[in-house]
Amino acid sequence: VENDKEIGSPLQGSLSAIIVKSGDTIKKNDPLFIIEAMKMESTITAPFDGKVKTIHLQSGVMVEQDDVVVEFEQ
């Protein structure tokens with residue numbers, strides 16, 4: 001994660017689902033993606049209102065902590 005418009009994985013695990021897509025307008029606390037780690041799912045939510053610019057990873061991939069998943073427009 002290099003800037004405050006990039007939302008990364010808070011933990012290592014499998015990116016089990018991406019809920020948003022490029023171009024979506026979202027509100028603070030809307031779900032963005034789901035990480036599965038140690039048989040538990042964690043839903044990552046938006047920290048602010050914004051518009052999704054890019055989805056950097058595909059569902060099903062393994063992510064490391066701080067890997068960028070979703071990027072918002074500036």
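1. Strand 3 and strand 6 (residues 50–55) make a short antiparallel pairing of two bridges. If you want a register to check by eye, Ile26 sits opposite Gly50 in strand 6. Bear in mind throughout that this is a predicted model.

2. Zooming out from that pair, strand 3 and strand 6 belong to an open, antiparallel sheet of four strands, ordered 1-8-6-3. The edges are strand 1 (6–8) and strand 3 (25–26); each has a single partner strand, so one side of each has no neighbour in the sheet.

3. There is another open sheet of four strands, in the order 5-4-2-7, and its pairing is antiparallel as well. Here strand 5 and strand 7 are the edge strands, each with a single partner, so each has one side left without a neighbour in the sheet. Within this sheet, strand 4 and strand 5 are joined in the antiparallel sense over six bridges. Pro31 faces Thr45 in strand 5, which gives you a handle on the register.

4. On to the inside. Nonpolar side chains tend to be buried together in soluble globular proteins. The largest nonpolar core here has 14 residues, and the ones with the most contacts inside it are Ile7, Leu32, Phe33, Val70 and Phe72. Strand 4 and strand 8 are the elements that give two or more residues to this core.

5. Val70 is a good place to centre your view. Leaving out neighbours within four places in sequence, Val70 is in contact with Lys5, Glu6, Ile7, Val20, Phe33, Val52, Thr54, Ile55 and His56. Two of the residues with the most contacts inside the core, Ile7 and Phe33, are named among those with Val70.

6. Leu15, in strand 2, is worth a look too. Leu15 counts as buried because its relative accessibility is 0%. Setting aside neighbours within four places in sequence, its contacts are Phe33, Ile34, Ile35, Leu57, Gln58, Ser59, Gly60, Val61, Val63 and Val69. One of these partners, Leu57, is 42 residues away along the chain, with 8.3 Å between the C-alpha atoms of Leu15 and Leu57.

7. What about Ser9, in the loop between strand 1 and strand 2 (13–18): is this residue buried or exposed? Ser9 counts as buried, because its relative accessibility is 1%. A polar atom of the Ser9 side chain lies 2.4 Å from the backbone oxygen of Leu11, so I'd put that pair on screen when you go through the loop. Not counting residues up to four places away in sequence, Ser9 touches Phe33, Ile35, Val63, Glu64, Gln65, Asp66, Asp67 and Val69.

8. Two backbone angles also caught my eye. Most residues other than glycine have a negative phi. Asp66, one of the residues that Ser9 touches, has a positive phi of about 75 degrees although it is not a glycine. Asp66 lies in the loop between strand 7 (62–63) and strand 8 (68–72), and counts as partly exposed because its relative accessibility is 47%.

9. The other angle belongs to Lys39, where phi is near 65 degrees, again positive in a residue other than glycine. Lys39 is in the loop between strand 4 (31–37) and strand 5 (40–45). With a relative accessible area of 81%, Lys39 is exposed.

How values were computed:
Residues numbered from 1 in each chain as written. Predicted model: local features only at pLDDT ≥ 70, side-chain atom pairs only at ≥ 80, totals over all residues. Heavy atoms only, no water. Buried < 20%, exposed > 50% of the residue type's maximum accessible area, 1.4 Å probe, protein only. Pairing = 2+ DSSP bridges. Polar contact = N/O pair within 3.5 Å; in protein donor to acceptor, adjacent residues only side chain to side chain. Contact = heavy atoms within 4.5 Å. Core = buried A, V, L, I, M, F, W, Y, C linked by side-chain atoms within 4.5 Å.
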